[in-house]
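Good morning, and thank you for making time for this. Please look at the chain on the screen while I go through its ring contacts, its charged pairs and some of its strands.

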Amino acid sequence: MTVSSAHMASTVSSSRGILPPAGLIPFESPNNGASASFGHPLPEFNDSDEVELFSVSWNQDYGCFAAGTSCGFRIYNCEPFKETFRRDLKSGGFKIVEMLFRCNILALVGAGDNSQYPPNKVIIWDDHQSRCIGEFAFRSDVRAVKLSRDRIVVVLEHKIYVYSFVDLKLLHQIETLANPRGLCCLSHHSSTSVLACLGLQRGQVRIEHFGLNMIKLINAHDSQIACFTLTLDGLLLATASTRGTLIRIFNTVDGTRLQEVRRGVDRAEIYSIALSPNVQWLGVSSDKGTVHIFSLRVRVVGEDSSSRCAPTNASSSSIDTLISPSTGANPGSSFSFMRGVLPKYFSSEWSFAQFHLPEVTQFIAAFGSQNTILIVGMDGSFYRCSFDPMHGGEMLQQEYVRFLKTDSRPR
C-alpha cells in the first residue's frame, strides 16, 4: 500500500501486517532476527572497532537507550548496564534511532552517508520479523521521530506530522517555528496523549492534548526554546531557553507556571531536562559540564504519578485539580522573605545536588531507580550516580562504562 499527497510533501509506504500494540515483542537475544539487510548474526562486541557516534536517545521509560552509529545502531540496557544487541550495515549509519519501549519496533533515520536509508526517510523497522513495516519519505531532512503505542510523530524543520501507528494514516499536521534541533516531546499514557512542540512565536511551546481535543499555547521564555520535556502523563512541562539560566515548570492544561529553578547565572546550552517518575526531582545537563538536580515543589494530588492516567473524556478542570504548587518547604533559595528587594534570580531555587563531567562532551540525563541519575555522553560514556535525597550536595559516581570507543564531537 502506498499513499502520497502533494501538499503533505511526504510519501507513506507500508507493508501488510503492521503490529498493533498487543503484538509487540520484547527484545531478548543479541542476535534476535538478524537479516541480510542488517547484516548476519554478529560476533561479540570488539571495543577496538572505532565507530562514530551520531546520536543517543532514551526509550520511553528511560530503562534503555539507543545509539545511532556510523555503521548501524546499538541498544543498551541501563540497570544492569549491558549491550542488548546491535545491527551493523554496509550501507551506512543512522542519525536517529527511536525505540518503542523495549519492544521489537524501531524508527530509523539514516545519516547523510547512508546509501540505503537517506536522511529524509523514516523507516519503521520490525526487528522480530527482520523487515521494514512502514516508510515515510519527505522533501527535507527528518529532525526527530517520537513514538508512542498509538502514534508516530515525525519532526521536520518547520512542520510536524502525526500518524496513527496501526495504519500509518496522517492524523495531524502542525506548523512550527524553525526547529533545527527537532524539539518535540510525546507523553506515553495513551489516555492523556499529549504532544509538546514549538509554537509559531519565539519562546512559545504548543501543547496538543489529543485526548481532550484541545490546544494550549505557553509563552515559556523571552528567548528561543532550547529544550523541554513532559512528564510521562503529559500534565507537566519543563522548559529551558537558549540563555540556559532558568528552567520553568508549567501545568500543560491551563499554562500556569508552577515553579522556576536556576541552573546558574552565566549563559549555557541545555542538552537535556529530566523529570523523575514521582515528579519529585528535576535534572538538567548542560555544556558547563555539570548535571544539576533540583527539588520540585509541584505536588500531584491523588495516585502515584507513575500509574496515574486521566480519562480521555475528562474536562480540563478535572485534570487541572491534579496539579498545583506545593506549599511545602524546598531546599532552594533561603532569600524568599526578601523577594521584593533582591535581584530577580534570588527568587529562583538553586540546585540541590550536582555531578561534574567533561565540558567538551554532550550528555543527556534521566532518572534511574532509588535516587540515582543515569547519564549518557556523546563520547560513548555511561554514568550512574546517586544523590542524597535529604542533604543533596555532590553526587556519588556508582558506575562508569565506556560503551563505545569513539572520537565523535558533540553535535
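**Ring pairs, salt bridges and strands**

F81 has a relative accessibility of 16%, so it counts as buried. I should say at once that we are looking at a predicted model. With that understood, let me stay with the aromatic residues.

There are 22 aromatic pairs in the structure. One of them joins F81 and F403: the ring centres are 6.4 Å apart and the planes meet at 45°, so the pair is classed as tilted. This contact links distant parts of the chain, since F81 sits in the loop between β5 (72-77) and β6 (82-88), while F403 belongs to the segment after β34 (396-402), 322 residues apart. F403 is buried as well, because its relative accessibility is 2%.

Next, consider W281 and F387. What is the geometry of the rings of W281 and F387? Their centres lie 5.1 Å apart and their planes stand at 75°, which is over the 60 degrees that the class requires, so the pair is edge-to-face. Again distant parts of the chain are linked: W281 is in strand β24 (residues 281-286) and F387 is in the loop between β32 (381-386) and β33 (393-394), 106 residues apart. W281 has a relative accessible area of 4% and is therefore buried. F387, with 5%, is buried too.

Back to F81 and F403, which also belong to a wider group. Ring pairs connect them with W58, Y62, F65, Y76 and F382 in a cluster. Please keep F65, Y76 and Y62 in mind, as they will return when I come to the strands.

A ring can also meet a charge. The charged end of R149 is placed over the ring of F101, at 3.9 Å from the ring centre.

I turn now to the salt bridges, of which the count is 12. In one of them, R102 and D61 meet through their side chains, with an N to O distance of 3.8 Å. R102 is in the loop between β7 (94-99) and β8 (105-110), and D61 is in the loop between β3 (53-58) and β4 (64-69), so this pair ties together parts 41 residues apart in sequence. Are these two residues buried or partly exposed? R102 is partly exposed, with a relative accessible area of 36%, and D61 is partly exposed at 38%.

A further salt bridge brings together the side chains of E175 and K159, at 3.6 Å from N to O. E175 lies in strand β14 (residues 170-175) and K159 in strand β13 (residues 159-164), so parts that are 16 residues apart in sequence are tied together. E175 is partly exposed at 42% relative accessibility, whereas K159, at 17%, counts as buried because the limit is under 20%.

R384 and E399 form another salt bridge, and their closest N and O atoms are 3.2 Å apart. Here strand β32, which holds R384, is linked to strand β34, which holds E399, and the two residues are 15 residues apart. R384 is partly exposed, at 22% relative accessibility. In addition, R248, R257 and E260 are joined in a network of salt bridges.

The strands of E175 and K159 lead us to a sheet. β11, β12, β13 and β14 make up an open sheet of 4 strands, in that order and with antiparallel pairing. β11 (144-147) and β14 are at the edges and have a single partner strand each, so each has one side without a neighbour in the sheet. On average, neighbouring strands here are turned by 15° against each other, direction ignored. Between β13 and β14 there are 5 bridges, and Y161 stands opposite Q173 in β14.

Finally, let us look at β4. How many of the residues of β4 are buried? The number is 6 of 6. Both of its faces are covered, with C64, A66 and G68 buried on one side and F65, A67 and T69 buried on the other. In a regular strand, side chains alternate between the two faces of the sheet.

β4 pairs with β3 in the antiparallel sense over 5 bridges, and G68 in β4 is the bridge partner of S55. The two strands form a hairpin with 5 residues between them, and Y62 in the turn has a positive phi of about 60°. β4 also runs antiparallel to β5, with 6 bridges joining them. F65 stands opposite Y76 in β5, and the hairpin of β4 and β5 has 2 residues between its strands. Thank you; I am glad to take questions.

Terms used. Residues are numbered from 1 along each chain as its sequence is written. This is a predicted model: local features need pLDDT of at least 70, side-chain atom pairs count only at pLDDT 80 or more; totals for chains, interfaces and linings use all residues. Side-chain values use heavy atoms; hydrogens and water are left out. Rings of Phe, Tyr and Trp (its six-membered ring) pair if their centres lie within 6.5 Å; planes under 30 degrees apart count as stacked, over 60 as edge-to-face and the rest as tilted. Buried means under 20% relative accessible area, exposed over 50%, partly exposed in between (1.4 Å probe, protein chains only). A charge sits over a ring if NZ of Lys or CZ of Arg is within 6 Å of the ring centre and within 35 degrees of the ring normal. A salt bridge is a side-chain nitrogen of Lys or Arg within 4 Å of a carboxyl oxygen of Asp or Glu. Two strands pair if DSSP finds at least two bridges between them. Axes are lines fitted to C-alpha atoms, for helices over the stretch in contact, and angles run from 0 to 180 degrees between N-to-C directions.
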